[in-house]
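Trainee: Before we go to the bench, could you take me through this protein one piece at a time?
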Amino acid sequence: MKFSETDLICEDIMWFGIDKNGYIFECTSAGVGNVPSFVCESREETDMLEEYFLNTAAKTTVGKILIKDEENDLCNDCKTLSSKGIFCYDAVIEDNHHDYIKIAEPEEPITINDLPDKIKSIMESHKVDVDVTTEIDINVQHAYSDEEEQDSGYRFRQVICPFCKHQYMTRVYNEYDLIIKHNGELLYGWKDRCTKCDSWIYVIDNQLEGVDPSSFPEDEITEHFILR
Ligand SMILES: [Zn+2]
């Protein structure tokens, strides 16, 4: 079974790749990191790799944690994986780039040639053009790329609720719902509803923070159509 576009947003997917040297790395998507097509093709293979690396593979070296060590799943998993020779990365969003940043690395990495045949044959198609020994971030093409999102008439983006400060993922259409003429400037955006506090907010294009609709006088706002 494949991962759908919605699955990628709702689920925290642990996926594995090999770099240009044949070293193994792990990425945690947290619903925001780009997930490549070779991962989305098969949920079964993704589960099998997670099960193998987390539970079956043997500890071979000392892992070094590069972030603050806390008692949580992310830290526990990267401690386990880096002590098995795997480089670990976590998803971040910066300037609309959905990258991964290195959070743990092994003293002695393993390579694809150290893997059992069944795991090795899956991993052979998971090659990413990166050198994990020197690069601290990984950028991969999202399985559901911009072109496909354009065709479907909408895309996903992050927004912060101005009322409760909750950050969430929302779907915005290619056409704007509203145009706000404010202080001689035109703002383009959409009406949206916070997934946590349920308030109506305005999502402004190219701006992470959502805005309180009542902060603009009515006559500054042109609504194109009523959303949802
Ligand atoms: Zn809210």
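What follows is a set of questions and answers on the layout of this protein.

Mentor: This is a predicted model, in which local features need pLDDT of at least 70 and side-chain atom pairs count only at pLDDT 80 or more, while totals for chains, interfaces and linings use all residues. Residues are numbered from 1 along each chain as its sequence is written.

Trainee: How far apart do the C-alpha centres of domain 1 and domain 2 lie?

Mentor: Domain 1 covers 5-138 and domain 2 covers 146-224; such bounds come from an automatic or database domain assignment. The C-alpha trace of the protein spans about 65 × 35 × 30 Å along its principal axes. Between the two C-alpha centres the distance is 34 Å.

Trainee: How many residues does the largest nonpolar core have?

Mentor: A nonpolar core is a set of buried Ala, Val, Leu, Ile, Met, Phe, Trp, Tyr and Cys residues joined through C-beta atoms within 7 Å. Buried means that 20 or more other C-beta atoms lie within 10 Å of the residue's own; 12 or fewer makes it exposed, anything in between partly exposed, with C-beta atoms placed from the backbone. Trp15, Phe25, Val35, Ile86, Phe87, Cys88 and Tyr89 have the most contacts inside the largest core. The number of residues in that core is 34.

Trainee: Which residues is Trp15 in contact with, leaving aside its neighbours within four places in sequence?

Mentor: Contact here requires C-beta atoms, placed from the backbone, to lie within 7 Å. Trp15 is among the core residues with the most contacts inside the core. With those neighbours left aside, its partners are Cys27, Ser29, Val35, Val39 and Thr46.

Trainee: Why do the buried residues of α4 lie on the same side of the helix?

Mentor: Helices (H or I, at least four residues) and strands (E, at least two) are DSSP runs, numbered from the N terminus. In α4, the buried residues are Asp77, Cys78, Leu81 and Ser82. They share one side of α4 because the arc they cover around the axis, taken from the directions from the helix axis to the C-beta atoms, is only 120 degrees.

Trainee: Against which elements do these buried residues of α4 pack?

Mentor: The protein has 6 helices and 12 strands. The packing partners of the buried α4 residues are β2, α3, β3 (63-65), β4 and β5.

Trainee: Which strands stand at the edges of the open sheet of 4 strands?

Mentor: Strands pair if DSSP finds at least two bridges between them. The order in this sheet is β11-β10-β9-β12, with antiparallel pairing. Each edge strand has a single partner strand, so one side of each is left without a neighbour in the sheet; the two are β11 (200-204) and β12 (221-223).

Trainee: Which residue in the turn between β9 and β10 has a positive phi?

Mentor: β9 and β10 (residues 185-193) pair over 5 bridges in the antiparallel sense, and Ile180 stands opposite Leu187 in β10. The hairpin leaves 2 residues between the strands. A positive phi of about 50 degrees belongs to Asn183.

Trainee: What is the bridge partner of Leu178 in β12?

Mentor: β9 (residues 178-182) and β12 pair over 3 bridges in the antiparallel sense. Ile179 stands opposite Thr222. For Leu178, the partner is Glu223.

Trainee: Is Ser125 buried or partly exposed?

Mentor: Ser125 is in the loop between α5 and β6 (137-138). It has 13 C-beta neighbours inside 10 Å, so Ser125 counts as partly exposed.

Methods
Two residues are in contact if their C-beta atoms, placed from the backbone, lie within 7 Å.
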